[in-house]
Amino acid sequence: MKKERIYILPTRMGGYLNGLIFLMFLLSVGYSNNLLLIFTLFLFGLNLIWVIQTHFHLHGLKFGSVQVTDNFAEDLTVVSIHWKKVPEGPLSWDLLLDKIPVKAFHNTKERSDAHLIFPKRGVYQFAKLKVSTSQPFGLYRAWITFNVDVTAYAYPVKAKDLGALPSTPSHTEGEISTLNKGPHDAWNLGPYQGEESRKISWKHYARSGELVVKEGEELQEAEVKFELHGPTEGQLSQLATQLVYCSEKSIPFSLKTPSGKTEHQLRECLKELAKC
């Protein structure tokens, strides 16, 4: 089983310290100053202890798995990192998935919960997880890299305005139309005038708060049909926003991709937008 290596380099302050120790050593030898030499060796010993302490903040760390939630670009995305083993001491690390910073907000001996932000829309294939620390004094930075295999989808950035939904004319008896709406925003529905409760359209009441009765066959909502035809980034953002709106409002929808495939599930539709 391959064992990951821990690398250590001085930070800027650590570099200044090492430069000072080296300068003190040259002065103590050049001027034959034993007192300065003893102090230099003492400082060098402390410096070595700080290197070892930084190393032990990662020594024994064993990676388990990582999960990245699909989300919209420029939004906070949840990342869960599971550990097989963690070293003793404060669980304070800096994390990078490839080159994207991951901000941990809760660390335990079993897992780290973190956030990242996708910089742009697309499909991300993460291959490296870099764990680094400059604890305990910030003089040295140690890091270790683990191989991962994670795919995540960054959906288009949400648009500020919903825009108009695609209109699909419908002339089926008892079907709600997104193009031609009657006086009660539906076909074959009339105002409630004390009729039997079984004739009340409870689905319409739950949506609008208005009591209406069915005057024809049971209603079915018309499906809002979206299509992908080489859209721009702005159009993708608006399309993603409209898909989320339809899902939240329980409005049936479908998305037709350039390949001719039709998707009806929100997540699958958003994945298609991410891959455009």
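Visitor: Which residue follows helix 4, and what is the sign of its phi?

Guide: Ser-250 follows helix 4, and its phi is positive, near 60°. Helices here are DSSP runs (H or I, at least four residues), as are strands (E, at least two), numbered from the N terminus. This is a predicted model, in which local features need pLDDT of at least 70 and side-chain atom pairs count only at pLDDT 80 or more, while totals for chains, interfaces and linings use all residues. Residues are numbered from 1 along each chain as its sequence is written, and side-chain values use heavy atoms, with hydrogens and water left out.

Visitor: Which residues of helix 4 are buried?

Guide: Buried means under 20% relative accessible area, exposed over 50%, and partly exposed in between (1.4 Å probe, protein chains only). The buried residues of helix 4 include Leu-236, Leu-239, Leu-243 and Cys-246.

Visitor: How should a salt bridge be read, and which residue pairs with Glu-233?

Guide: Side chains of opposite charge can pair when their charged atoms come close. A salt bridge is a side-chain nitrogen of Lys or Arg within 4 Å of a carboxyl oxygen of Asp or Glu. By this rule there are seven salt bridges. In one of them, Glu-233 pairs with Arg-121, with the closest N and O atoms 2.8 Å apart. This pair links distant parts of the chain, 112 residues apart: Glu-233 lies in helix 4, and Arg-121 in the loop between strand 7 (111-117) and strand 8 (122-133).

Visitor: Are these two partners buried or partly exposed?

Guide: Glu-233 is partly exposed because its relative accessibility is 41%, whereas Arg-121 is buried because its relative accessible area is 19%.
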